[in-house]
Amino acid sequence: MSSDNQAVEAADRGTARDALSVPEFRRLFVGTALSNAGRWMQTAALGVLGWELTGSSAFLGAIIFAQLLPLGVLSLLGGSLADTVDRRLLLLVCQSWQMVWTFVLAVLLIDGEIGPAVLLGIVFVIGLGQGLYAPALTSVIPAIAGERNLSAAIALNSMQTNGTRIVGPAIGGFLVTKWGYAEVFAINAASYLFVLVAIYRAIIPPGTATARTWKERLLGGFTVAFKAPQVGRPLLMMGLFTFFCLPFIGQLPAIADVNLGIDPKSTTYGWLYAMFGLGGLTGAGLIGTVFLRTPSARIAPVTLAAFSLSLGWLTLVRNVGWAFVAIYLVGLFYFALPTSLATAWQEHVDSAIRGRVAALWVLAFGGTIPFANIVAGPLIELTSLTAVLLTGAAAAMALTLVRLPSGPVVGEEIFDTT
């Protein structure tokens with residue numbers, strides 16, 4: 001794709017049916033969905049296990065920090081590798097790494113006991129694979145689904161992530177109660193086989209970057225973001241939103257226990273978590289269908305304002321029934337935003353630099369969460385859960401002032417401009 005080309009016009013975007021008609025994308029979509037179901041089982045179980053071990057909001061933040069810190073540390077390297085090496089092999093190695101160490105965690109929990117420090121260490125090691133995997137996977141989606149189907153493919157991936165967010169925690173909560181943590185983690189480890197098979201069968205073109213220096217290879221995404229506001233502004237908005245507005249995710253067990261009187265190990269908590277995922281599924285589905293051809297610049301401020309109001313309501317509500325409604329709306333508007341912003345930047349970069357920009361997206365979306373949670377946990381204990389969550393709601397409303405510009409598609413020639 002030439003940098004002289006404009007981004008795919010909203011009116012010309014392919015539909016979800018168009019994206020799923022591509023066999024390579026369809027196989028990856030199904031395999032990832034099955035694997036993500038296991039991953040969300042484990043994520044929900046980790047929060048409950050952490051709260052059971054310590055009863056500490058700070059430790060819940062530490063779990064998120066250990067889980068997602070590798071995204072912040074390794075995403076730039078992962079994006080550079082995605083632009084320069086065999087991406088199929090890279091994806092296979094990263095998924096295999098996560099599968100092996102998840103099995104290790106399951107084995108360590110066979111007797112039902114684990115130290116907090118060991119738990120954090122294993123969670124961090126598992127996350128190392130995801131730190132390299134996430135930007136590589138993001139960069140191959142357009143190559144597999146086709147540039148015209150990019151928006152639909154992003155929406156579909158967000159929908160399956162949130163669909164499995166509903167199924168995974170519900171199943172995970174049931175299995176933790178009936179069996180135990182070890183069984184949940186073992187099932188998640190086995191679920192990696194689905195996506196491994198899908199990647200193995202996929203034809204994924206290798207990276208095509210011709211970066212001349214290590215700076216271009218490793219830090220080139222920053223150059224693109226600074227020089228092309230149509231790429232950098234969505235990344236900046238996502239990073240600010242993640243840091244100030246999303247610490248509530250790591251605090252869901254505390255919200256349930258402290259504000260609503262729900263046992264985080266109960267089935268009710270599993271359904272509360274699932275309702276959050278159902279809202280996300282709805283939000284991503286709306287962006288991928290009803291609002292597929294609506295420009296991101298129009299979607300972002302509306303979703304930010306609605307998220308702000310919804311998070312404020314979830315923070316203040318004390319009735320369990322209304323909390324289910326509030327968390328559904330939080331999930332809806334939360335996931336509508338990144339689905340829209342991902343399309344906004346992806347449509348403005350070509351394949352030669354997509355991996356490096358994808359690294360910044362992973363850094364903004366996932367890599368920022370651990371730092372937000374490691375700060376939020378102690379702040380909650382110093383002030384209150386309500387104060388920190390309401391601050392996030394206010395920050396989301398302030399971000400409605402940020403505007404998303406349009407512009408041409410950019411490629412490696414951007415490194416030659418002054």
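## Exercises on cores and helix packing

The largest nonpolar core holds 94 residues, and those with the most contacts inside it are Phe185, Phe241, Phe248 and Phe307. Its largest share, eleven residues, is supplied by helix H13 (residues 320-346). A second core of 28 residues lies apart from it and includes Ala82, Val140, Ala152 and Val195. Please keep in mind that this is a predicted model.

**Exercise 1.** Pick Phe248 and find which residues it touches, not counting residues up to four places away in sequence.

*Solution.*
- Step 1: Start with Phe248 as one of the residues with the most contacts inside the largest core.
- Step 2: Leave out residues up to four places away in sequence; Phe248 then touches Ile255, Phe276, Phe307, Leu311, Val330, Tyr334 and Leu389.
- Step 3: Look for Phe307 among these partners of Phe248; Phe307 is also listed among the residues with the most contacts inside the core.

**Exercise 2.** Work out how helices H9 and H14 are oriented, and describe their contact.

*Solution.*
- Step 1: Take the geometry of H9 (residues 229-245) and H14 (residues 354-382): the packing angle is about 15° and the axes are 8 Å apart.
- Step 2: Angles under 35 degrees count as roughly parallel, so H9 is roughly parallel to H14.
- Step 3: Add the handedness: H9 passes H14 in a right-handed crossing.
- Step 4: List the residues that meet. From H9 come Val231, Pro234, Leu235, Met238, Gly239, Thr242 and Phe243; from H14 come Val357, Leu360, Trp361, Ala364, Phe365, Thr368, Ile369, Phe371 and Ala372.
- Step 5: Sort them by class, which gives 13 nonpolar, three polar and no charged residues.

**Exercise 3.** Do the same for helices H4 and H5.

*Solution.*
- Step 1: H4 (residues 87-108) and H5 (residues 116-145) pack at about 160°, with 9 Å between their axes.
- Step 2: Angles over 145 degrees count as roughly antiparallel, and H4 and H5 are therefore roughly antiparallel to each other.
- Step 3: H4 passes H5 in a left-handed crossing.
- Step 4: The contact of H4 with H5 comprises 19 nonpolar residues, six polar ones and one charged one.

**Exercise 4.** Is Ala274 buried or exposed? Locate Ala274 in its helix as well.

*Solution.*
- Step 1: Ala274 sits in helix H11 (residues 267-288).
- Step 2: Its relative accessible area is 3%. Buried means under 20%, so Ala274 is buried.
- Step 3: Now turn to Phe324, 50 residues away from Ala274 along the chain; the C-alpha atoms of the two are separated by 9.5 Å.

Definitions and conventions
Residues numbered from 1 in each chain as written. Predicted model: local features only at pLDDT ≥ 70, side-chain atom pairs only at ≥ 80, totals over all residues. Heavy atoms only, no water. Core = buried A, V, L, I, M, F, W, Y, C linked by side-chain atoms within 4.5 Å. Buried < 20%, exposed > 50% of the residue type's maximum accessible area, 1.4 Å probe, protein only. Helix = DSSP H or I, 4+ residues; strand = E, 2+ residues; numbered from the N terminus. Contact = heavy atoms within 4.5 Å. Axes fitted to C-alpha atoms, helices over the stretch in contact; angles between N-to-C directions. Parallel < 35°, antiparallel > 145°, perpendicular 65-115°, else oblique. Left-handed = near helix turned anticlockwise from the far one by under 90°. Nonpolar A, V, L, I, M, F, W, Y, C, P; charged D, E, K, R; others polar.
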